[in-house]
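Trainee: Could we go through the labels people put on a model like this one? I'd like to see the reasoning behind each.

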Amino acid sequence: MVDFIQTTIDGLSIGSAYSLIALGFTLVFGVMRRINLSYGPSIMLGAFAGTWIFVTLDAQPWLVAAVTVAGTVAVGVYVERVCFWAIRRDAAIASMVSSFVIWMQLEEVATILLPGRTYPFPELFRTGGVEIGPYFFRMEYVTTLTVAILVLVMLRLLLFKTRFGLALRAVSENPAAAAYMGIRPGRVIFRAFVLASLIGGIAGYLLLAADQQVTPYFGLWATFKGLIAMMLGGMGSIPGAVVGGLILGVIESQTQWYLGNAYKDLSSYLVLFMVLVLRPGGLLGQGIAEREAQAFRRI
Amino acid sequence: MAFYFGLLQTIGIHTLLGLSAYVLLLTGQLSLAQVGFFAIGAYVSGILTVIFEYHIVPGLFAGALAGGAFAFLVGFPALRVKGLMLVVATIAFSEIVRLFFFNLNWRVMVNGVEVGPDSTQGFREIRFYAANGWDTFDVVLFIWLFVIVVMAMLWWLDRVRAGATLRAVGADELAAQSSGVNIVAVKVTAMTVGGVIAGLAGGLYAHSATYVDHLTFSVLLATFAVAYPILGGLSSVFGTLIAVIFVQGILIEGMRFLGDWRNILFGLLIIVAMNFRPSGLLDGNVLSRIRRMIGHGKPDGGGRHA
């Protein structure tokens, strides 16, 4: 029982970082009904910028974090301009394929920038942890969980207490109606993209600091984890992204503990396949039929 | 010369892979499961020729059948979902297949040598061609025989009722259903045919590469598989072939001199192509112009739009 609870705790901590990545996907999907496959690779490139200043200039961890987030936002803006702003209107497949080829471009840039395979990534605090009863909380997990909760609270305030949040929700509800109300969908989409990149950069930093290393494969990995978490919870739903990320984290850590490392990814894909087939809108998908019809019409 | 034969083999195999996605795209389904069927075909035919020492032809057919069987089984649940959900569900399927082969370890002694899939080390020594004295030219002929047969069948399909039914489902599912088309049957059939073609392509790939491992069957390859027909256009089977030649021959091989920068330019060129020709390189207009040039043109143009 102690094992079970301990793995659940570890799973929830990793899962909270997955939730943040899923939130980035959900925000973009919410306003555009499109999926940005280059989301993970743009986080990876931001992290490479961070590790670059860490390796060459021996920068402080907080500076690395800042550069990671700023780099992710810069790359995110580039992706938005090339794959989404340039291909507007009804060509959703074209923009998804484009975001995929941009992915290859970003990976190539990362390997040109730093030709080695693996680079160190600094942690925010020296390793250690908190012990409560029989349970052990790793310091980086505590940090991840705290930051994730902070980001969630701030996102909630932003979406429900500001004019920008109102505009974003309006565009995600109905872009045409929002445009008639004097909202510029293009600008809201751009800002949502920046916001998603900001959250992604934070999540990327937290995940990489817990691993203490970064490789070019991180892009692929992050895109998959975010997509799975979003799909589990329900596309375009913010609580869904959070719940989906947490569930994914717990499933992964439990199968890793009880069945071994080989089954970790297998089980998460299996769960994803089952959820998509049995409950296509995701676990918390709201207005499933309508959203699905809308997504189908646009792809 | 060997280089061009190698390129011809790659183009042939990728054309088959693209055509397997083409069949599904005709019904409006964007599936990234093709690479999963491709992997199943590669491993099944490789295991048959290496471990059980079959001839390559039954090996390939078994691989194709296995691909088709899995496509049939996956088709029923997966086609309950549409659009983006289908994309992600099929990615999940391909990854499950990839991770299965990543963990598959089946080593046996054949003629004093240990062969078979060796989980993370991959499946080496699929040496049917070399062991039977086929040179690269024979292999090119063998692969293109299958490419031509499959393309001829799909070309013929477009001229009979079944092809019209496929396109009807792709154009408007609801209208097709109202006209009495059984949508589930059509979609599952398209999935199965796609699975057979992908399994065949996988078997051919395994034997011409002589070595496969799980990394080959990544989502990157799955995306290439759907990108070919989308880039080439769905108006004709030849669109896929043209796209494969454009991507493999010109973009990948022709720009090798650019070194590391190739992938960066490669991405941009595809985006430019998608921007200028959103319905593919070979769309209905180009096709009807070509038909008129050959003299088969109908006065109304005769171009069908996907």
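Mentor: Sure. Start with burial: a residue is buried if 20 or more other C-beta atoms lie within 10 Å of its own, exposed if 12 or fewer, and partly exposed in between. And keep in mind that this is a predicted model.

Trainee: Then what makes α9(B) mostly covered?

Mentor: Go by that cut-off: 22 of the 27 residues in α9(B) are buried. Across chain B, with its 306 residues, 49% count as buried.

Trainee: How do you know that the end-to-end distance of α9(B), residues 183-209 of chain B, agrees with its number of residues?

Mentor: Take 1.5 Å a residue, and the 27 residues should span 39 Å. The end C-alpha atoms of α9(B) sit 38 Å apart, so the two values agree.

Trainee: What happens just after α9(B)?

Mentor: B:T210 takes a positive phi of about 60° there. This residue lies in the loop between α9 and α10 (219-232) of chain B.

Trainee: Why is a positive phi worth pointing out?

Mentor: Because most residues other than glycine have a negative phi. B:T210 is a residue other than glycine with a positive value, and so is A:Q212, where phi is near 60°. You'll find A:Q212 in the loop between α8 (185-211) and β4 (213-214) of chain A.

Trainee: Why is A:Q212 called exposed, and why is B:T210 called partly exposed?

Mentor: Count neighbours. A:Q212 has 12 C-beta neighbours inside 10 Å, and exposed means 12 or fewer, so A:Q212 counts as exposed. B:T210 has 15, which falls between that limit and the 20 needed for buried, so B:T210 is partly exposed.

Trainee: Now the helix pair. Why are α1(B) and α11(B) called oblique?

Mentor: The axes of α1 (residues 2-26) and α11 (residues 237-253) of chain B come within 9 Å and cross at roughly 135°. Roughly perpendicular covers 65 to 115 degrees and roughly antiparallel needs over 145, so an angle of roughly 135° is oblique. The crossing is right-handed.

Trainee: Which residues meet there?

Mentor: From α1(B), B:L7, B:I11, B:H14 and B:Y22 are among them, and from α11(B) the list includes B:L241, B:V244, B:Q248 and B:E253. The residues of this contact divide into nine nonpolar, seven polar and one charged.

Trainee: And how much of the contact in chain B is between residues far apart in sequence?

Mentor: Among contacts with a separation of 6 or more, 75% come from residues 24 or more positions apart. Chain B has 13 helices and four strands.

How values were computed:
Residues are numbered from 1 along each chain as its sequence is written. Chains are lettered from A and ligands numbered from 1 in the order in which they are written. This is a predicted model: local features need pLDDT of at least 70, side-chain atom pairs count only at pLDDT 80 or more; totals for chains, interfaces and linings use all residues. Axes are lines fitted to C-alpha atoms, for helices over the stretch in contact, and angles run from 0 to 180 degrees between N-to-C directions. Helices (H or I, at least four residues) and strands (E, at least two) are DSSP runs, numbered from the N terminus. A crossing is left-handed if the near helix is turned anticlockwise from the far one by less than a right angle, and right-handed if clockwise. Two residues are in contact if their C-beta atoms, placed from the backbone, lie within 7 Å. Ala, Val, Leu, Ile, Met, Phe, Trp, Tyr, Cys and Pro count as nonpolar, Asp, Glu, Lys and Arg as charged, and the others, Gly among them, as polar. The expected span of a helix is 1.5 Å times one less than its number of residues.
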